[in-house]
Amino acid sequence: MDAKEFVAQLQAEMSELFAQLGETETLESESDGNVDVKNLLKLALQSEIEASEIAALWMPTTPELDAKQVLAHQVGDEMKHYAMICRRLGELGEDVSGYDPLAGGYSALYHYLRPLRSTVERIAAGPFAGEAIAEVRNAQFMDFCRSLGDDGTFKLYADVIQPDEIKHHRIAAAFLSRHCTTPELQHVAAEAARNTLAIADELRTLEKKRSGLANIPVS
């Protein structure tokens, strides 16, 4: 199939998977059941800094200029989100001046992403699949905040963080639509996206529902 058709099918397969999630399933999974706004914001700090660090690590060894631009957007935006989440935690009475979100070590997803070498793997696993997961997680978090009457946290995500994550996913999809032009490249990209979905903390409870992405045709 051509590259645009491949990316569209990959997105459709992810959407089908995400549709199986319960209303707060990503939040419950990533927090081990501790669904509390402050706790979820602190967990988000780790996600933001890891995403920024991964994109920054990849940039020097990513030759394609359009891929460097995808990664550069992510570096800046994720650290912007980090600062805004810290500020919001302060407004909620949580002192994070001495808080280190990486004190417990990097996530399993970070360890998977870091050694990826080919550009289509990196873009498919990171800003494409990773940010698609972030969109779903953020949508559930916004609904949760709205149900609690936490308008400040809701607006932070609705006005800034979620639009940025959607942008990252879209520019990554556009990159893959230009570059995944052979069955071999499509196979690599699909495998990287599947691995991200399999490892992400937010989707741990979907272990038995992930077979959909395994059979994406690439010819």
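In this predicted model, Val-7, Leu-10, Gln-11, Met-14 and Phe-18 of helix α1 meet Phe-128, Ala-129, Ala-132, Ile-133 and Val-136 of helix α6. Sorted by class, this contact of α1 with α6 comprises nine nonpolar residues, one polar residue and no charged residue. An α-helix has 3.6 residues a turn, so residues three or four places apart point the same way. Helix α1 covers residues 3–18 and helix α6 residues 119–148; the two pack at an angle of about 35°, with their axes 11 Å apart. The crossing of α1 over α6 is right-handed.

Helix α6 also packs against helix α8, which comprises residues 183–199; their axes come within 8 Å and cross at roughly 40°. Angles that are neither under 35 degrees, nor over 145, nor from 65 to 115 count as oblique, and α6 and α8 are therefore oblique to each other. Here too α6 takes part in a right-handed crossing, in this case with α8. On the α6 side, the contact is made by Val-120, Glu-121, Ala-124, Ala-125, Ala-129, Gly-130 and Ile-133. On the α8 side, Leu-185, Val-188, Ala-189, Ala-192, Ala-193, Thr-196 and Leu-197 take part. The residues of this contact of α6 with α8 divide into 11 nonpolar, two polar and one charged. Ala-129 and Ile-133 of α6 appear in the contact with α8 and also in the contact with α1.

Another helix pair is formed by α3 (residues 37–58) and α4, whose axes come within 8 Å and cross at roughly 155°. Because angles over 145 degrees count as roughly antiparallel, α3 is roughly antiparallel to α4. The crossing of α3 with α4 is left-handed. Among the α3 residues in the contact are Lys-38, Leu-41, Leu-45, Glu-48, Ile-49 and Trp-58, which meet α4 residues including Leu-71, Val-75, Glu-78, Tyr-82, Ile-85 and Arg-88. By class, the contact of α3 with α4 has 15 nonpolar, three polar and five charged residues.

The lengths of two helices can be compared with expectation. At 1.5 Å a residue, the 27 residues of α4 (residues 65–91) should span 39 Å, and the end C-alpha atoms of α4 are 39 Å apart, which agrees. Helix α4 is followed by Gly-93, which has a positive phi near 90°. For α7 (residues 151–179), the 29 residues should span 42 Å at 1.5 Å a residue; the end C-alpha atoms are 41 Å apart, again in agreement. Helix α7 nevertheless contains a kink of about 40°, centred on Ala-158.

Note on methods:
Residues are numbered from 1 along each chain as its sequence is written. This is a predicted model: local features need pLDDT of at least 70, side-chain atom pairs count only at pLDDT 80 or more; totals for chains, interfaces and linings use all residues. Side-chain values use heavy atoms; hydrogens and water are left out. Axes are lines fitted to C-alpha atoms, for helices over the stretch in contact, and angles run from 0 to 180 degrees between N-to-C directions. Helices (H or I, at least four residues) and strands (E, at least two) are DSSP runs, numbered from the N terminus. A crossing is left-handed if the near helix is turned anticlockwise from the far one by less than a right angle, and right-handed if clockwise. Contact means heavy atoms within 4.5 Å. Ala, Val, Leu, Ile, Met, Phe, Trp, Tyr, Cys and Pro count as nonpolar, Asp, Glu, Lys and Arg as charged, and the others, Gly among them, as polar. The expected span of a helix is 1.5 Å times one less than its number of residues. The bend at a residue is the angle between axes fitted to the seven residues ending there and the seven starting there.
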